[in-house]
Amino acid sequence: MIRILPEEVIRLIAAGEVVERPASIVKELLENSLDAASTHITLEVLASGKELIRISDNGMGIPAQEVAQALSRHATSKIQSALDLENLSTFGFRGEALPSIAQVSKMTLSTRTKRESAGSELDIEAGRILSQKECGRTVGTTVEVKELFFNTPARLKFLKSDGAERQHLMRAFEEAALAHPNVWFEIKNQETKRGQSYPARQKSVERIRDLWGETFTEQNLIPLEFHHPYLKISGWVSQPQFHQTTKANQIFLINKRPIFSRSLTHALYEAYRDCLPVGRHPVGLIYLEVDPAQVDFNAHPAKREVRFRNESQIHEALIQEIRSKRAQLSNAPRVFSQERVKERMSFTLEPNTERLLGSQRLNEVVHKESSSLNPLSLQTSAKVLAQFQALYILAEQEGSLLIVDQHAAAERILYEKFREVLAESQEVPTQPLLIPYYWNVTLPQVELVQNQLETFKKLGFEVDLFGEKTFRVMEIPALIPEGELEAILAEILSSLENG
């Protein structure tokens, strides 16, 4: 028998389309704050957002007579007709974020406009307004979400661990902060009482450095600037030699909205196809400004995946812009002089890679990677011809050209050494660092590392949290040269992100 669903069930289903996890709430509420022209936004969380998410802003606020209406489904100030959907320039438009969040939580909304002398406060539980009263507050809006999914325990059960949920939440915050470098963002953890502040920046590369670390500088990144009648591309991508171990430093923004696009991701990798080592990833913070009529944000309820009317042209434009800027700004390959070649009649690796590999191990690697060639011996007449972008060594031996991926060779040797020690259940020999190494990671990566501190200890690392997104490394495996520590930690982080 076919039955019409009760309105309460319909509202819960609609809420499920918008509120998948705490990160969904953070994304929706941050976008509401940005649409309200806020210049200062604060996010506070408890239990990775399961117990509390509070977002406060200094935006325009909601007039007292409209506050209750804002909690109604399909209530919005952003569109009035179907035609408005074709030219939408704001983030939200579905009119379902606030009522959907309220449907599965206990919510408090307080707000005030600059024309009002007092604010308005609503208490809502499971979508029902319990009370509305005046309150004292500054201009802006605060939305406090408590006990997420308290009335839908099945959905609460299917949330991931606190660490995994916090990683998603931090990614949503990070994307918003990178999309709007001109806005001051703050984040506070109510459990640890620690916080991090990101002041407004004039240049997006300054916000990149704030969030991703001090190595993300204008010396390692290439600026993009492309104009077309219906498309503008700007942002930053990596110099070819500044590739990363993970995809964590790739964000695409369409009209400042973070999106996922297989086409744009493919274009980024295609632009580096001639120089990207296997298993490495380019950096990309790419802003695309597109005529709203040329892109459909309503293809998915979460507004994450988009459709373009001219997808192939945008794909090609991004490839050409990156390649063009690479050609203008990238460092040329480094080639040894003839005198240098004569000095190096035996094969060596730079910098410091020979010390890490050792001649016997290098022979094994080259033999395994290219069995059609004779194993390379450091004692033969192999001649170093060039080093390309600090990634590959080109050498001549007995009429053959040898190409050695320095990174892959170093990885293989280190892996073999660790495998031998662990296979024999030996304790990994360690060495204390005279000066601790301070390891900066992105906000989403903090939980990944924290959840694996015991694993790090088994591998011979002594690591502890030393700030909002900094870890202090005080002891490392003796197998690792201190100069390789940064690269090794990046590889471990990549493994954690890939499960």
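Helices and strands here are DSSP runs, numbered from the N terminus, a helix having at least four residues. With that numbering in hand, the tour can begin; keep in mind throughout that this is a predicted model.

Start by selecting helix 7, residues 204-212, which is mostly covered, as seven of its nine residues are buried. To see them in the viewer, colour Ser204, Val205, Arg207, Ile208, Asp210, Leu211 and Trp212, which are the buried residues of this helix. Then step just past the end of helix 7 to Gly213, where the backbone takes a positive phi of about 120°.

Next, go to helix 9, residues 311-329, and pick out Glu321. With a relative accessible area of 6%, Glu321 is buried, because buried here means under 20%. Its side chain reaches the backbone nitrogen of Glu225 at 2.8 Å, and, leaving aside neighbours within four places in sequence, Glu321 is in contact with Leu224, Glu225 and Phe226. Now add Lys325 to the selection: Glu321 forms a salt bridge with Lys325, and the closest N and O atoms are 2.8 Å apart. The two residues both lie in helix 9, four residues apart, which is about one turn of the helix, and both of them are buried.

A search of the whole structure finds 18 salt bridges, and a few others are worth selecting in turn. Lys50 pairs with Asp162, with the closest N and O atoms 2.9 Å apart; this pair links distant parts of the chain, since Lys50 sits in the loop between strand 1 (40-46) and strand 2 (52-57) while Asp162 belongs to helix 6, 112 residues apart. Lys50 counts as buried at 17% relative accessibility, whereas Asp162, at 36%, counts as partly exposed. Move on to Arg472, which forms a salt bridge with Asp464, the closest N and O atoms being 2.9 Å apart; here Arg472 is partly exposed at 22% relative accessibility, and Asp464 is partly exposed at 23%. Then select Glu44, Arg54, Glu144 and Lys146 together, for these residues are linked in a network of salt bridges.

For the last stop, turn to the interior space. The search of the whole structure finds one cavity of 30 Å³ or more, and about 90 Å³ of space lies in the largest cavity. Of the 12 residues that line it, the closest to its centre are Lys27, Glu31, Ala172, Ala176 and Pro258. Show helix 2 (22-35) and helix 6 (162-179) as well, as each supplies at least two residues of the lining. By type, the lining residues divide into seven nonpolar, one polar and four charged.

Conventions: Residues numbered from 1 in each chain as written. Predicted model: local features only at pLDDT ≥ 70, side-chain atom pairs only at ≥ 80, totals over all residues. Heavy atoms only, no water. 1 Å grid on protein atoms, 1.4 Å probe; cavity = no way out; pocket = protein on both sides within 12 Å on 5 of 7 lines; lining within 4 Å. Points joined across faces, edges and corners; volume = space filled by probe spheres on them. Nonpolar A, V, L, I, M, F, W, Y, C, P; charged D, E, K, R; others polar. Buried < 20%, exposed > 50% of the residue type's maximum accessible area, 1.4 Å probe, protein only. Polar contact = N/O pair within 3.5 Å; in protein donor to acceptor, adjacent residues only side chain to side chain. Contact = heavy atoms within 4.5 Å. Salt bridge = Lys/Arg side-chain N within 4 Å of Asp/Glu carboxyl O.
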